[in-house]
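Here's a quick tour of a protein model, written for someone who likes to look at the side chains. Have the viewer open and follow along.

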Amino acid sequence: MQDAADVASGDRALDTPGVQRSMPMEVRTTRFGTLQIAEDRIIHIPKGLLGFNQHTRYCLLEPGDDACFFWLQCVDEPSLAFVITDPSLFVPDYSVPIRAEQMNELGLGRLEDAQVFVIVNKVEQTLTGNLQGPLVINTLNKVGEQMVLAEKRWTTRHPLMKVASQAMQPAMSA
């Protein structure tokens, strides 16, 4: 078995400093309409995501500069998008063990060039993260993979934060 190194999640953007943007392409979405995305911003996930292995091209949509949640939007299927986040914002000691062959598949020369995200779901009034199936993305070449962690410490529905319940609508009077 190959030695595994741990990729710590962190607050690194997927932008590569000093790299000029490529020509934009149109990405159709059901949530945001048609967007212009630079081709060099496309994230390639050759194996796809679990349950969606036929979809391999995504883009990261950032709602704002200080956002902690993002949309991972499929480029080829307008209705397929996932809310994702950097798990280190919620679970500081979270890290992803990565084997040498996984580093090779991602084209990673250094662990520092990897960014970790997890898919977020809402379960009742709690936002949860799939810490057992993190996404590891090479920030330089934009190649990613959804890992499956064997460690039972993490779950597919790890609580990240509570969300406020929506106020009840007042009843209409006749």
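What follows goes from the overall fold to charged pairs, two buried residues and the aromatic rings.

## The overall picture

First things first: this is a predicted model. The protein chain has one helix to go with its 13 strands. Where does the helix sit in the pattern along the sequence? Walking along the chain, you pass β-β-β-β-β-β-β-β, then the α, then β-β-β-β-β.

Of the 174 residues in the protein chain, 42% are buried. The chain exposes about 10200 Å², and carbon and sulfur atoms supply 52% of that area. As for how the chain meets itself, take the contacts between residues at least 6 apart in sequence: 56% of them join residues at least 24 apart.

## Charged pairs

How many salt bridges does the count come to? The answer is eight. One of them pairs Arg 41 with Glu 62, with the closest N and O atoms 3.5 Å apart. Arg 41 lies in the loop between strand S3 (33-38) and strand S4 (43-44), while Glu 62 is in the loop between strand S5 (57-61) and strand S6 (69-74), so this pair ties together parts that are 21 residues apart in sequence. The two partners don't see the surface equally: Arg 41 is buried, with a relative accessible area of 17%, whereas Glu 62 is partly exposed at 42%. The 17% of Arg 41 falls in the buried class because the cut-off for that class is under 20%.

Next up is Arg 57 with Asp 76, where the closest N and O atoms are 2.8 Å apart. This salt bridge also links distant parts of the chain, with Arg 57 in strand S5 and Asp 76 in the loop between S6 and strand S7 (81-85), 19 residues apart. Arg 57 counts as partly exposed at 26% relative accessibility, and Asp 76 counts as partly exposed too, at 44%.

Then there's Glu 101 with Arg 99, a salt bridge whose closest N and O atoms are 2.6 Å apart. Glu 101 is partly exposed at 31% relative accessibility, and Arg 99 is partly exposed at 32%. Elsewhere, salt bridges that share partners join Lys 47, Glu 105 and Glu 145 into one network.

## Asn 138, a buried polar side chain

Now swing over to strand S11 (residues 135-138), where you'll find Asn 138. Is this residue buried or exposed? At 1% relative accessibility, Asn 138 counts as buried.

So what does its side chain reach? One partner is the backbone oxygen of Gly 107, at 3.0 Å. A polar atom of the Asn 138 side chain also lies 2.7 Å from the backbone nitrogen of Leu 140. Leaving aside neighbours within four places in sequence, Asn 138 is in contact with Leu 106, Gly 107, Leu 108, Asp 113 and Val 143. Gly 107 therefore turns up both in that contact list and as the residue whose backbone oxygen the side chain reaches, given that contact here means heavy atoms within 4.5 Å.

## Leu 49, buried in a loop

Leu 49 has its place in the loop between S4 and S5. Loop or not, Leu 49 counts as buried, at 2% relative accessibility.

Which residues does Leu 49 touch, not counting those up to four places away in sequence? The list runs His 55, Tyr 58, Leu 72, Phe 82, Ile 119, Leu 135 and Gln 146. Leu 135 is one to click on: Leu 49 and Leu 135 are 86 residues apart in sequence, yet 8.6 Å apart in space, C-alpha to C-alpha.

## Aromatic rings

The count of aromatic pairs comes to five. Among them, Phe 70 and Phe 117 form an edge-to-face pair, 6.0 Å centre to centre with 80° between the planes. Phe 70 lies in strand S6 and Phe 117 in strand S9 (residues 114-123), so the pair ties together parts that are 47 residues apart in sequence.

Both rings belong to buried residues: Phe 70 has a relative accessible area of 12%, and Phe 117 comes in at 3%.

Terms used. Residues are numbered from 1 along each chain as its sequence is written. This is a predicted model: local features need pLDDT of at least 70, side-chain atom pairs count only at pLDDT 80 or more; totals for chains, interfaces and linings use all residues. Side-chain values use heavy atoms; hydrogens and water are left out. Helices (H or I, at least four residues) and strands (E, at least two) are DSSP runs, numbered from the N terminus. Buried means under 20% relative accessible area, exposed over 50%, partly exposed in between (1.4 Å probe, protein chains only). Accessible areas come from the Shrake-Rupley method with a 1.4 Å probe; for residues, only the protein chains shown count as cover. A salt bridge is a side-chain nitrogen of Lys or Arg within 4 Å of a carboxyl oxygen of Asp or Glu. A polar contact is a pair of N or O atoms within 3.5 Å; within protein, one must be able to donate a hydrogen and the other to accept it, and residues adjacent in sequence count only if both atoms are side-chain atoms. Rings of Phe, Tyr and Trp (its six-membered ring) pair if their centres lie within 6.5 Å; planes under 30 degrees apart count as stacked, over 60 as edge-to-face and the rest as tilted.
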